[in-house]
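Visitor: Got a minute to walk me through this one? I'd like to start with how some of the helices pack.
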Amino acid sequence: MPLEPLLVLELAALGVGTGFLAGLLGIGGGMVLVPFLTLILSQRSVPADLAVKMAIATSMATIIFTSISSVRAHHRRGAVRWDLVRGLAPGIVIGSIIASLGVFALLKGSWLALIFGVFVAFSATQMFRNRKPAPSRGMPGMGGQLGAGGFIGFLSGLVGAGGGFISVPFMAWCNVPMHNAVATSAALGFPIALSNVVGYVISGQSAQGLPPASFGYIWLPGLAIVAGASVLTAPMGAKAAHALPVARLKKIFASMLYLLAAYMLAKGLTG
């Protein structure tokens, strides 16, 4: 698969957009990356089933870099709840490994596309609803955080997202202030991405028909260009999160997510 100028430009633009969103909304960018990477790979003769898996794995790999860039900006503002990171991270690692090393390899790409589409549509609906938590509710104890982390890591491993669409609403539901929830979610993106990427690389070693420059299910040229562009704009998004009306922006973003969910559902049904 040659890296023609148009392909480089498409990947760089994708990285710029997802990096900014990672910092602004506390997401890893997978909600945007996976559909577009699936489209890019499918247009270049990668079989549909494999294109979905490679898009999910490559998207997750970019989160390693965007999370580091984004969390540094949030940490400088003192917004990251490191106590919550320590409580949720062990379960995240366990859930991620189970998903990426086991379930991901067993499921067909069409099923993963359907799961992704349903998940994104649900996430968009939750963003629109913006329900307020009960004032008395707080974060669960260590056992509850281990279970919540396991669920976040497992689902993230199946859909190639950094977990922000689960962890941010979960923490907000537990009355963690929104700016702390977004910043903490950015920090959680690193253990989510790293543990899942290990699983994708190992489980992809036996996959057939991978294009050149693949490392397991990860498409290295896409990773390099998207990650290189995204780390430049993630700090800008983190800075904007403290100045822009994030609640309003989330509703606009949710509208776009419905379109991406529809594309992935169609891909799953026809794949």
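Guide: Sure. It's a predicted model, where local features need pLDDT of at least 70, side-chain atom pairs count only at pLDDT 80 or more, and totals for chains, interfaces and linings use all residues. Residues are numbered from 1 along each chain as its sequence is written, and side-chain values use heavy atoms, with hydrogens and water left out.

Visitor: OK, at what angle do α4 and α6 pack?
Guide: About 40°, with the axes of α4 (residues 82-106) and α6 (residues 142-159) 6 Å apart. That makes α4 oblique to α6 (neither under 35 degrees, nor over 145, nor 65 to 115).

Visitor: And which hand is the crossing of α4 and α6?
Guide: Right-handed.

Visitor: Switching topic: how many salt bridges?
Guide: The count comes to 3, taking a side-chain nitrogen of Lys or Arg within 4 Å of a carboxyl oxygen of Asp or Glu. Glu4, Glu10 and Arg44 are linked in a network.

Visitor: What are the N to O distances there?
Guide: Glu4 to Arg44 is 3.1 Å, and Glu10 to Arg44 is 3.7 Å. Glu10 lies in α1 and Arg44 in the loop between α2 and α3, so that pair ties together parts 34 residues apart in sequence.

Visitor: Is Arg44 buried or exposed?
Guide: Buried, because its relative accessibility is 17% (buried is under 20%, exposed over 50%, partly exposed in between, with a 1.4 Å probe and protein chains only). Glu4 is partly exposed at 28%.

Visitor: What about the other pair, Asp83 and Arg81?
Guide: Their closest N and O atoms are 2.9 Å apart. Asp83 counts as partly exposed at 36%, and Arg81 is partly exposed at 29%.

Technical notes: Axes fitted to C-alpha atoms, helices over the stretch in contact; angles between N-to-C directions. Helix = DSSP H or I, 4+ residues; strand = E, 2+ residues; numbered from the N terminus. Left-handed = near helix turned anticlockwise from the far one by under 90°.
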